[in-house]
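Work through the exercises below with the sequence and the model open. Try each task before reading its solution.

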Amino acid sequence: MKNIFCFLSLISTVFCFAQKEFQPKSSTINETVDGDVDGDKIPEKIIIYNIPTDNDSGDIREIQILKKINNKWIILEKSRKAIYGSKDGGIMGDPYQSTTIENGLLNITHYGGSSWKWGGTDKYRFQNGHFELIGISSENGKPEEYWTTVDFNLSTGKLVFDKEVVNTKEYGKSKNEIFIKKD
């Protein structure tokens, strides 16, 4: 039992050290996600930080992707532009919804607006030595008016556009179109 407790304490200390070592000054951790995003079958650690500003624009966000190499955490990549700030969601409030890892893709989801709503997921893949945006799914509209969804795969060039219209008198018919645009 004593060995198990020591082992768990050691793991927790290493985990906390990895987070604190690269944590921006005055920031707090918003979310932590573990998973393999570079295809080597070893989980990376994704940490999203809230960094306070000295103005009314709310917290900015920094995402860090940490990789463990030779028992030492390093920053594989980081960005302060990939995640919207805490007050960028309009009347809906904080637009940040989640960061997930699915099939090796890093997905960042936002949602916001007021009576007109918007949202979407940016999809990143580790390729060519860094994370590249390879897809965007977005949605916007107003309930009882119309709702538009767009799914754009930047790797294949396939764009799927869907507009579901409720108020056909004002907005016309519903549409579903597929485009292919390479390069």
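**Exercise 1.** Is aspartate 94 buried, partly exposed or exposed? Find its salt-bridge partner and place both residues in the fold.

*Solution.*
Step 1. The model is a predicted one. Aspartate 94 has a relative accessible area of 34%. Buried means under 20% and exposed means over 50%. Aspartate 94 is therefore partly exposed.
Step 2. Look for a basic partner. Arginine 61 forms a salt bridge with aspartate 94. The closest N and O atoms are 2.5 Å apart.
Step 3. Place the two residues. Arginine 61 is in strand 3, and aspartate 94 is in the loop between strand 4 (72-79) and strand 5 (96-102). With their positions 33 residues apart in sequence, the pair links distant parts of the chain.
Step 4. Check the partner's cover. Arginine 61 has 1% relative accessibility, so it counts as buried.

**Exercise 2.** Which residue forms a salt bridge with aspartate 40? Work out what the pair ties together.

*Solution.*
Step 1. The partner is lysine 67. The closest N and O atoms lie 2.3 Å apart.
Step 2. Aspartate 40 sits in the loop between strand 1 (28-35) and strand 2 (44-51), and lysine 67 sits in strand 3 (residues 60-69), so the salt bridge ties together parts 27 residues apart in sequence.
Step 3. Compare accessibility. Aspartate 40, at 30%, is partly exposed. Lysine 67, at 12%, is buried.
Step 4. Widen the view. A network of salt bridges links Asp38, Asp40, Glu44 and Lys67.

**Exercise 3.** How far apart are the closest N and O atoms of aspartate 151 and lysine 123? Decide if the pair meets the salt-bridge cut-off, then count the salt bridges.

*Solution.*
Step 1. The closest N and O atoms are 3.6 Å apart. The cut-off is within 4 Å, so the pair qualifies.
Step 2. Aspartate 151 belongs to strand 9 (residues 146-153) and lysine 123 to strand 7 (residues 117-127), so the pair joins parts 28 residues apart in sequence.
Step 3. Aspartate 151 is partly exposed at 34% relative accessible area. Lysine 123 is partly exposed too, at 22%.
Step 4. By this rule the structure has eight salt bridges.

**Exercise 4.** Which residues form the aromatic cluster? Find the lysine that lies over one of its rings.

*Solution.*
Step 1. There are four aromatic pairs in the structure.
Step 2. Ring pairs join Trp116, Tyr146 and Tyr171 into a cluster.
Step 3. Lysine 163 lies over the face of tyrosine 146. Its distance from the ring centre is 4.6 Å.

**Exercise 5.** Which residues does asparagine 140 touch, leaving out those up to four places away in sequence?

*Solution.*
Step 1. Asparagine 140 lies in strand 8 (residues 130-142). At 31% relative accessibility, asparagine 140 is partly exposed.
Step 2. Its contacts are Lys117, Trp118, Tyr146, Trp147 and Thr148.
Step 3. Take tryptophan 118. Asparagine 140 and tryptophan 118 are 22 residues apart in sequence, yet their C-alpha atoms are 4.1 Å apart in space.

**Exercise 6.** How many helices and strands does the protein have? Add the burial figure.

*Solution.*
Step 1. The protein has two helices and 11 strands.
Step 2. Along the sequence the pattern reads α-β-β-β-β-β-β-β-β-β-β-α-β.
Step 3. Of its 183 residues, 33% count as buried.
Step 4. The protein exposes about 11,400 Å², with 54% of that area supplied by carbon and sulfur atoms.

Notes
Residues are numbered from 1 along each chain as its sequence is written. This is a predicted model: local features need pLDDT of at least 70, side-chain atom pairs count only at pLDDT 80 or more; totals for chains, interfaces and linings use all residues. Side-chain values use heavy atoms; hydrogens and water are left out. Rings of Phe, Tyr and Trp (its six-membered ring) pair if their centres lie within 6.5 Å; planes under 30 degrees apart count as stacked, over 60 as edge-to-face and the rest as tilted. A charge sits over a ring if NZ of Lys or CZ of Arg is within 6 Å of the ring centre and within 35 degrees of the ring normal. A salt bridge is a side-chain nitrogen of Lys or Arg within 4 Å of a carboxyl oxygen of Asp or Glu. Helices (H or I, at least four residues) and strands (E, at least two) are DSSP runs, numbered from the N terminus. Buried means under 20% relative accessible area, exposed over 50%, partly exposed in between (1.4 Å probe, protein chains only). Accessible areas come from the Shrake-Rupley method with a 1.4 Å probe; for residues, only the protein chains shown count as cover. Contact means heavy atoms within 4.5 Å.
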